[in-house]
Amino acid sequence: QVQLVESGGGLVQAGGSLRLACAASGSIFSINVMNWYRQAPGKEHELVAAISSGGSTNYADSVKGRFTLSRDNGKNTLYLQMNSLKPQTTPLYFCAARSAASSSDNPDFWGQGTLVTVSS
């Protein structure tokens with residue numbers, strides 16, 4: 001099992017920045033891919049960014065050039081630096097992880113989410 005705990009959400013003005021953190025614990029050696037998703041009320045999860053165990057990253061078109069993934073392997077923590085934030089329906093940001101043994105493209109483990117509010 002893998003436990004994921006997000007932090008760093010909060011209130012920021014449009015154009016501002018936030019850095020989200022996702023601390024992983026448990027069987028982290030089994031993780032192949034880690035992702036950040038976001039979800040607005042009543043909508044499906046939207047994939048924001050992903051990073052493989054080898055360090056390859058992928059970003060949604062809507063955040064390219066504004067969001068950046070990084071990780072601190074010593075702290076088992078994944079970060080999402082979000083710049084030039086836009087006003088939008090308040091979404092929850094979730095950290096998720098997929099096991100290397102998984103036969104699905106969907107994450108196996110999810111954090112509890114952190115709330116990001118961007119005011120106009």
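**Reading a predicted all-strand chain, starting from one residue**

Q: Let's begin with Asn 35: is this residue buried or exposed?

A: Asn 35 is buried, because its relative accessibility is 6% and the cut-off for buried is under 20%. Keep in mind that we are reading a predicted model.

Q: Where along the chain does Asn 35 lie?

A: Asn 35 belongs to strand β4, which covers residues 31-39.

Q: And which residues is Asn 35 in contact with, once its neighbours within four places in sequence are left aside?

A: Two of the partners are Leu 47 and Pro 107. The others are Ala 49, Ala 50, Phe 94, Cys 95 and Ala 96.

Q: Let me step back to the whole chain. How many helices and strands does the protein chain have?

A: There are 11 strands and zero helices. Following the sequence, you read the pattern β-β-β-β-β-β-β-β-β-β-β. The radius of gyration is 14 Å, close to the 14 Å from the globule rule for 120 residues, so the chain is as compact as a globular protein of that length.

Q: What box do the C-alpha atoms fill?

A: Taken along the principal axes, the box is roughly 45 × 30 × 25 Å.

Q: What share of the residues counts as buried?

A: Of the 120 residues, 42% count as buried, and Asn 35 is one of the buried residues. As for the surface, the accessible area of the chain is about 6300 Å², with 47% of it belonging to carbon and sulfur atoms.

Q: What share of the contacts with a separation of 6 or more comes from residues 24 or more positions apart?

A: Such residues account for 54% of those contacts in the protein chain.

Q: Now the sheet. In what order do the four strands of the open sheet come?

A: To read a sheet, follow its strands from one neighbour to the next. Here the order is β1-β3-β8-β7, with antiparallel pairing. Strands β1 (2-7) and β7 (67-72) are the edges, each pairing on one side only. From one strand to the next, the twist averages 20°.

Q: Over how many bridges do β3 and β8 pair?

A: Strand β3, residues 18-26, and strand β8, residues 77-82, are joined over six bridges in the antiparallel sense. To find one of these on the model, look for Arg 19, whose bridge partner in β8 is Gln 81.

Q: Why can charged side chains pair?

A: Side chains of opposite charge can pair when their charged atoms come close. This structure holds three salt bridges.

Q: Which residue forms a salt bridge with Arg 38?

A: The partner of Arg 38 is Glu 46, and their closest N and O atoms are 2.9 Å apart. Arg 38 is buried at 9% relative accessible area, whereas Glu 46 is partly exposed at 32%.

Q: Which side chain meets Lys 64 in a salt bridge?

A: Lys 64 meets Asp 61, at 3.2 Å from N to O. Lys 64 counts as partly exposed, with 49% relative accessibility. Asp 61 counts as exposed, with 65%.

Q: And what is the N to O distance in the salt bridge of Asp 105 and Arg 98?

A: That distance is 3.9 Å, and the pair still counts because the cut-off for a salt bridge is within 4 Å. Asp 105 is exposed, at 65% relative accessible area, while Arg 98 is buried, at 18%.

Definitions and conventions. Residues numbered from 1 in each chain as written. Predicted model: local features only at pLDDT ≥ 70, side-chain atom pairs only at ≥ 80, totals over all residues. Heavy atoms only, no water. Pairing = 2+ DSSP bridges. Helix = DSSP H or I, 4+ residues; strand = E, 2+ residues; numbered from the N terminus. Axes fitted to C-alpha atoms, helices over the stretch in contact; angles between N-to-C directions. Buried < 20%, exposed > 50% of the residue type's maximum accessible area, 1.4 Å probe, protein only. Rg over C-alpha atoms; globule rule 2.2 N^0.38 Å. Contact = heavy atoms within 4.5 Å. Areas by Shrake-Rupley, 256 points an atom, 1.4 Å probe, with all protein chains shown as cover.
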